[in-house]
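Trainee: I have a chain open here and would like to go through it. Can we start with the basics?

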Amino acid sequence: MALGSHMLDKGAKMLQPLKPINQMSQHACTFALYSQGMSRQIETHHFVTRINQDFLQCAVYDSDDSSGRLIGVEYIVSDRIFDTLPPDEQKLWHSEIQSGLLVHPRVPEMVAKPELDNLAKTYGKFWCTWQTDRGDKLPIGPPSLMMSPQQEAECMVRPELVKKRDDKYNISTAAIRGSRTDIMGPGKLHSVADHWRNHNKCFAIDVENTVMNKITLFP
């Protein structure tokens, strides 16, 4: 970075409150799968802002290092809100923690348990805007809808990815999963979420040309 850019950034930190950023209160780490290709699996880091008890918004990065890249955004709603969504909208959302892979790095499981109880009754919609896993140097193309890993064989996360994450944070995903049997289980989920389960189909965005609306000029 140029010296002028460094000076601008330091000055902005002193003068600007950055209130939305300062509202981020949690860091959760899990994994995500591309809906159009479940063999493409990535570790994701969600920096969470609680809008209210029923709605969270997350900036999603590919790591929690200072060089982490912003790769997308996720919205999380409670089952109370999810039940009010139109069926076609519900199909875009996935269950949140049923695989037992979501952790709050460096936070003891006992401390995180109340939040996990809340997340067990929630649904997320995660759009990935930067496909760093395929080597993209910039956010290229349309966003991709992501899915949450589950216990079914076709959408399990590769063991080597889990081991790499576990080694980094000195945790055991297997032990964590075993301690969460009371808050996990497909019986707790809405049947329309995780659409692929019943239909073996995914949703993808494509870019197409369309007619531009004419601009009306006022005197």
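Mentor: We can go through the overall layout, the pockets, the cysteines and a few single residues.

Mentor: Residues are numbered from 1 along each chain as its sequence is written. This is a predicted model, where local features need pLDDT of at least 70, side-chain atom pairs count only at pLDDT 80 or more, and totals for chains, interfaces and linings use all residues; side-chain values use heavy atoms, with hydrogens and water left out.

Trainee: How many helices and strands are in the chain?

Mentor: The chain has 8 helices and 7 strands. Helices (H or I, at least four residues) and strands (E, at least two) are DSSP runs, numbered from the N terminus.

Trainee: And what does the C-alpha trace span along its principal axes?

Mentor: The span is about 60 × 45 × 35 Å. Of the 219 residues, 41% count as buried. Buried means under 20% relative accessible area, exposed over 50%, and partly exposed in between, with a 1.4 Å probe and protein chains only.

Trainee: What about contacts between residues at least 6 apart in sequence?

Mentor: Among those, 61% join residues at least 24 apart. Contact here means heavy atoms within 4.5 Å.

Trainee: Pockets next. What is the volume of the largest pocket?

Mentor: About 370 Å³. Ile 42, Glu 43, Asp 62, Leu 161 and Lys 164 are the closest to its centre, out of 15 lining residues. On a 1 Å grid over the protein atoms alone, a cavity is a set of points where a 1.4 Å probe fits but cannot get out, while a pocket is an open set with protein on both sides within 12 Å along at least five of seven lines; lining residues have an atom within 4 Å of a point. Grid points are joined across faces, edges and corners, and the volume is the space filled by probe spheres set on the points.

Trainee: Which elements each supply at least two residues of that lining?

Mentor: Strand 2 (37-52) and helix 6 (159-169) do. By class, the lining of the largest pocket has 7 charged, 4 polar and 4 nonpolar residues. Ala, Val, Leu, Ile, Met, Phe, Trp, Tyr, Cys and Pro count as nonpolar, Asp, Glu, Lys and Arg as charged, and the others, Gly among them, as polar.

Trainee: How much space lies in the second largest pocket?

Mentor: About 280 Å³. It has 14 lining residues, and those closest to its centre are Ile 21, Met 24, Phe 47, Ala 59 and Tyr 61. Helix 2 (19-22), strand 2 and strand 3 (55-61) each give two or more residues to the lining, with the largest share, 4 residues, coming from strand 3. The lining of the second largest pocket divides into 7 nonpolar, 5 polar and 2 charged residues.

Trainee: Switching topic: how many disulfides does the structure hold?

Mentor: It holds 0 disulfides, a disulfide being a pair of cysteine sulfur atoms within 2.5 Å.

Trainee: Why is there no bond for Cys 29?

Mentor: Because the closest cysteine sulfur, in Cys 58, is 13 Å from the sulfur of Cys 29, too far for a bond. Cys 29 is buried at 0% relative accessible area, and Cys 58 is buried at 3%.

Trainee: Where is Thr 122?

Mentor: Thr 122 is in strand 6 (residues 122-128) and is buried, at 8% relative accessible area. A polar atom of the Thr 122 side chain lies 2.6 Å from the backbone oxygen of Leu 119. A polar contact is a pair of N or O atoms within 3.5 Å; within protein, one must be able to donate a hydrogen and the other to accept it, and residues adjacent in sequence count only if both atoms are side-chain atoms.

Trainee: And what does the side chain of Gln 90 reach?

Mentor: The backbone oxygen of Leu 85, at 3.4 Å. Gln 90 sits in helix 4 (residues 87-90) and counts as buried at 5% relative accessibility.

Trainee: Last one: what is the phi of Asn 170?

Mentor: Near 55°, a positive value in a residue other than glycine. Asn 170 lies in the loop between helix 6 and helix 7 (173-178) and counts as exposed, at 71% relative accessibility. Asp 194 also has a positive phi, of about 50°, although it is not a glycine. Asp 194 counts as buried, at 3% relative accessibility.
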